[in-house]
Amino acid sequence: MKIKDMAKRYRISDMWCEAGSEERAYVTESERIGKISVLRGMSKHGSHVTLRTGEICYMTEEEYDECARVASDEIMRMAKTSLYRMRDKDRTVLAFCIGNRNITSDAQAPLCAELLDATFHLKENAPELYSFMGGYRLAVISPGTEGQSGVQPSDMLSCVCKRIKPDVIIAIDALAAGSDEYIGRSVQISSAGITPGKGTGNEKKRISGEETGTFTVGIGIPTVISSSTLIYNALEKAEAEDISPELYDILENNRSFYVSPKNIDQVTHSASEILSRTVRSFCDMLSRA
């Protein structure tokens, strides 16, 4: 069995694949903004961006803000066509924060929700406070997981959308990495939305603009990687060309094992800071657009 082919196969948990694609996106553009490398790509499902940030758990407050600004710029770039169609509307953003608050590696989105200030209700109830807080309508939903509620996140989202009719949905979830180089070192964004659980083999209904009828972007930071992917990455870096059938069988039988770095608490905390600041930055930009 060729290592290169197997390593490629085990990268299916990158953001563009969480969004529903089984192949890697083509990188069409890259640039460096400060300390952040921005890789933009395309697949048949949409646009995909990876921000290579370095270790997020060692970022300063200024670096958090810079990362959030770059990420929100990329979301705005993806949303440009949709925003043009609704340029005369009072825009509503829905932050849909998926994940289990009680599992550290999956808690970035629920923690992000706790850091956000919802303003959707303020325009009618407290107009002065609404203006003071930025003049944008932000709704924040943290649906947990299907295992906690018995209801798939996408079904909850459908009900919420019928009620509040958001103009932009930002679906936030922790990701499974296709390479150890991405864990706690990258922010991944996709205009194709996201499929919760796909990276860990527990696939749920897809959340995307096709399903919601609204511009939907998926964003998250990788926090786990399968043990098999980790080994294949290591073998590829060691320039090994083939593996024995015995080792192949062992790796195939252990695909359900997922690991996270020892500083996962710090990574998750930093991830929630970056993601919450990204949402706020995007809302600020939207209110001025």
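The legends below describe close-up views of a predicted model of one protein chain.

**Figure 1. Overview of the predicted protein chain.**
The secondary structure of the protein chain comes to 12 helices and 11 strands, and buried residues make up 52% of its 289 residues. Among the contacts in the protein chain with a separation of 6 or more, 73% are accounted for by residues 24 or more positions apart.

**Figure 2. Strand S8 and the two strands that pair with it.**
Strand S8 covers residues 186-190, and 5 of the 5 residues are buried, so this strand is largely enclosed by the rest of the structure. In a regular strand the side chains alternate between the two faces of the sheet. In S8, Ser 186, Gln 188 and Ser 190 point one way while Val 187 and Ile 189 point the other way, and all of these residues are buried. Strand S3 (residues 46-52) pairs with S8 in the antiparallel sense over 5 bridges, and here Arg 52 stands opposite Ser 186. Strand S9 (residues 215-220) also pairs with S8 in the antiparallel sense, over 3 bridges, with Ile 219 of S9 as the bridge partner of Ile 189.

**Figure 3. The surroundings of Cys 67 in helix H3.**
Cys 67 is found in helix H3, which spans residues 61-85, and it counts as buried because its relative accessibility is 0%, where the cut-off for buried is under 20%. Leaving aside neighbours within four places in sequence, Cys 67 is in contact with Ile 36, Leu 51, Thr 53, Met 59, Val 187 and Ile 274. Of these contacts, Thr 53 lies 14 residues from Cys 67 along the chain, and the C-alpha atoms of the two residues are separated by 7.5 Å. Another of the listed contacts of Cys 67 is Val 187, a buried residue of strand S8.

**Figure 4. The open sheet S7-S10-S11 and helix H10.**
In this view 3 strands form an open sheet with mixed pairing, in the order S7-S10-S11. Strands S7 (175-176) and S11 (258-259) stand at the edges, and each has a single partner strand, so one side of each is left without a neighbour in the sheet. Strand S10 (residues 222-226) and S11 run antiparallel and are joined by 2 bridges, and Ser 226 has Tyr 258 in S11 as its bridge partner. Helix H10 (residues 227-237) lies across S10 and S11, and it runs at about 80° to S10. Within H10, the residues Ser 227, Ser 228, Thr 229, Tyr 232 and Asn 233 are buried, and just after this helix Glu 239 takes a positive phi of about 65°.

**Figure 5. Ser 272 within helix H12.**
Ser 272 lies in helix H12, which spans residues 264-288, and it is buried, because its relative accessible area of 2% falls under the 20% cut-off. The side chain of Ser 272 reaches the backbone oxygen of His 269 at 2.7 Å. Leaving aside neighbours within four places in sequence, the residues in contact with Ser 272 are Gln 108, Leu 111, Cys 112 and Leu 115.

**Figure 6. Arg 137 over the ring of Phe 120.**
Arg 137 lies over the face of Phe 120, at 4.4 Å from the ring centre. As for pairs between aromatic rings, the count for this model comes to 0, where the centres of two rings would have to lie within 6.5 Å.

Definitions and conventions
Residues are numbered from 1 along each chain as its sequence is written. This is a predicted model: local features need pLDDT of at least 70, side-chain atom pairs count only at pLDDT 80 or more; totals for chains, interfaces and linings use all residues. Side-chain values use heavy atoms; hydrogens and water are left out. Helices (H or I, at least four residues) and strands (E, at least two) are DSSP runs, numbered from the N terminus. Buried means under 20% relative accessible area, exposed over 50%, partly exposed in between (1.4 Å probe, protein chains only). A polar contact is a pair of N or O atoms within 3.5 Å; within protein, one must be able to donate a hydrogen and the other to accept it, and residues adjacent in sequence count only if both atoms are side-chain atoms. Contact means heavy atoms within 4.5 Å. Two strands pair if DSSP finds at least two bridges between them. Axes are lines fitted to C-alpha atoms, for helices over the stretch in contact, and angles run from 0 to 180 degrees between N-to-C directions. Rings of Phe, Tyr and Trp (its six-membered ring) pair if their centres lie within 6.5 Å; planes under 30 degrees apart count as stacked, over 60 as edge-to-face and the rest as tilted. A charge sits over a ring if NZ of Lys or CZ of Arg is within 6 Å of the ring centre and within 35 degrees of the ring normal.
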